[in-house]
Amino acid sequence: MGILRQPDGMRALSRQWWREGRTLGLVPTMGNLHEGHLSLMRSAVAECDEAVASIYVNPLQFGAGEDFDGYPRTWEADLATLAEAGVATVFAPTDAVMYPPGFATSVEVAGLTDGLCARSRPGHFRGVTTVVMKLLCVVLPHRAYFGEKDYQQLAVIRRMTDDLGLGVQIVPMPTWREPSGLAMSSRNGYLSDDERARAVVLSRAIAAAQSVAAETDQAAAILAAANEVLAAEPLARVDYVELVDAETLEPLERVERPARLCLAVHIGPARLIDNGPVLPPGSPLPLGEG
Ligand code: AMP
């Protein structure tokens with residue numbers, strides 16, 4: 001496996017692939033890879049001549065008091081996972097090369113970063129867009145793969161690549177779940193067995209909202225169904241539950257076009273997020289969505 005730590009080396013390799021007419025796929029991650037990440041890797045391997053995974057725990061996207069220091073770093077296991085997925089190149093830069101002394105530039109997407117997770121994580125999306133922009137500039141992929149698990153992040157990155165004309169195709173990937181319905185996440189590792197079992201309440205809340213949405217387009221009723229499920233779980237401390245337009249992420253009162261139910265809930269030491277599609281009543285739910 002090729003492991004590159006310097007942007008110059010990575011870019012030189014990418015330029016060589018471009019000269020050879022090879023297509024490049026990038027899967028940006030913070031490591032601690034699980035099946036969800038693996039599904040992105042497998043798609044990149046299948047659809048591109050060269051698949052690059054980046055592993056970088058980006059300090060810019062963590063706020064004060066968040067879990068940057070404790071974020072799981074599992075380098076050896078990650079390399080084995082990447083090899084299993086057929087990824088041959090890893091870009092794993094250090095903080096010193098990503099943010100050298102004097103670093104003063106950031107990328108900020110307006111509007112989409114006003115609500116949802118941004119309210120309790122100010123500055124988070126500026127950190128995400130800045131690091132993703134840097135990764136795209138170094139790796140120069142034709143396609144970059146992002147999970148719908150982080151729905152707001154996906155929307156923000158699409159907006160950034162469109163607005164700045166980066167010419168990168170952003171490929172959305174469905175949320176990979178455990179058999180219980182719990183969305184896979186590196187932060188699930190913070191949970192005890194009991195908390196993990198109870199964390200299924202997030203996906204159950206989404207399912208309850210979706211089933212009410214099959215009968216009504218009223219956001220209040222749809223949200224009430226989700227909140228009722230969450231209220232029944234004593235360990236769940238809700239950060240937000242919102243029904244938003246699937247593209248603009250603006251809160252909706254009625255579901256007249258594709259919407260998304262998004263939620264963030266603290267269970268024990270972990271802040272977990274999840275989301276699912278909500279379509280106008282009568283619309284068939286696309287297979288594999290969610
Ligand atoms: P992270 O390492 O948490 O920054 O995630 C790296 C990428 O994997 C992001 O595009 C995430 O949206 C995606 N991802 C994380 N968990 C899942 C999941 N359960 N299913 C699909 N994609 C995921």
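**Two cysteines and a helix pair**

C48 is buried, with a relative accessible area of 7%. Keep in mind as you work that this is a predicted model.

**Exercise 1.** Work out how many disulfides the structure holds, and how C48 and C137 fit in.

*Solution.* Start with the bond itself: a disulfide links the sulfur atoms of two cysteines covalently. For a pair to count, the sulfurs must lie within 2.5 Å. Now take C48: its closest cysteine sulfur belongs to C137 and sits 18 Å away, so that's too far for a bond. Go at it from the other end and C137 is in no disulfide either, with the sulfur of C48 as its nearest, 18 Å off. The tally for the structure is zero disulfides.

**Exercise 2.** Decide whether C137 is buried, partly exposed or exposed.

*Solution.* Buried takes under 20% relative accessible area, and exposed takes over 50%. C137 comes in at 37%, so it counts as partly exposed. C48, at 7%, is buried.

**Exercise 3.** Describe how helix 2 and helix 3 pack.

*Solution.* First, find the pieces: helix 2 covers residues 35–47 and helix 3 covers residues 75–85. Next, the geometry: their axes are 9 Å apart, at an angle of about 40 degrees. That angle makes helix 2 oblique to helix 3. As for handedness, helix 2 passes helix 3 in a right-handed crossing. Then look at who touches whom: helix 2 brings L38, M41, R42 and V45, while helix 3 brings T81, L82, E84 and A85. Finally, sort those contact residues by type, and you get five nonpolar, one polar and two charged.

Note on methods
Residues are numbered from 1 along each chain as its sequence is written. This is a predicted model: local features need pLDDT of at least 70, side-chain atom pairs count only at pLDDT 80 or more; totals for chains, interfaces and linings use all residues. Side-chain values use heavy atoms; hydrogens and water are left out. Axes are lines fitted to C-alpha atoms, for helices over the stretch in contact, and angles run from 0 to 180 degrees between N-to-C directions. Helices (H or I, at least four residues) and strands (E, at least two) are DSSP runs, numbered from the N terminus. Angles under 35 degrees count as roughly parallel, over 145 as roughly antiparallel, 65 to 115 as roughly perpendicular and the rest as oblique. A crossing is left-handed if the near helix is turned anticlockwise from the far one by less than a right angle, and right-handed if clockwise. Contact means heavy atoms within 4.5 Å. Ala, Val, Leu, Ile, Met, Phe, Trp, Tyr, Cys and Pro count as nonpolar, Asp, Glu, Lys and Arg as charged, and the others, Gly among them, as polar. Buried means under 20% relative accessible area, exposed over 50%, partly exposed in between (1.4 Å probe, protein chains only).
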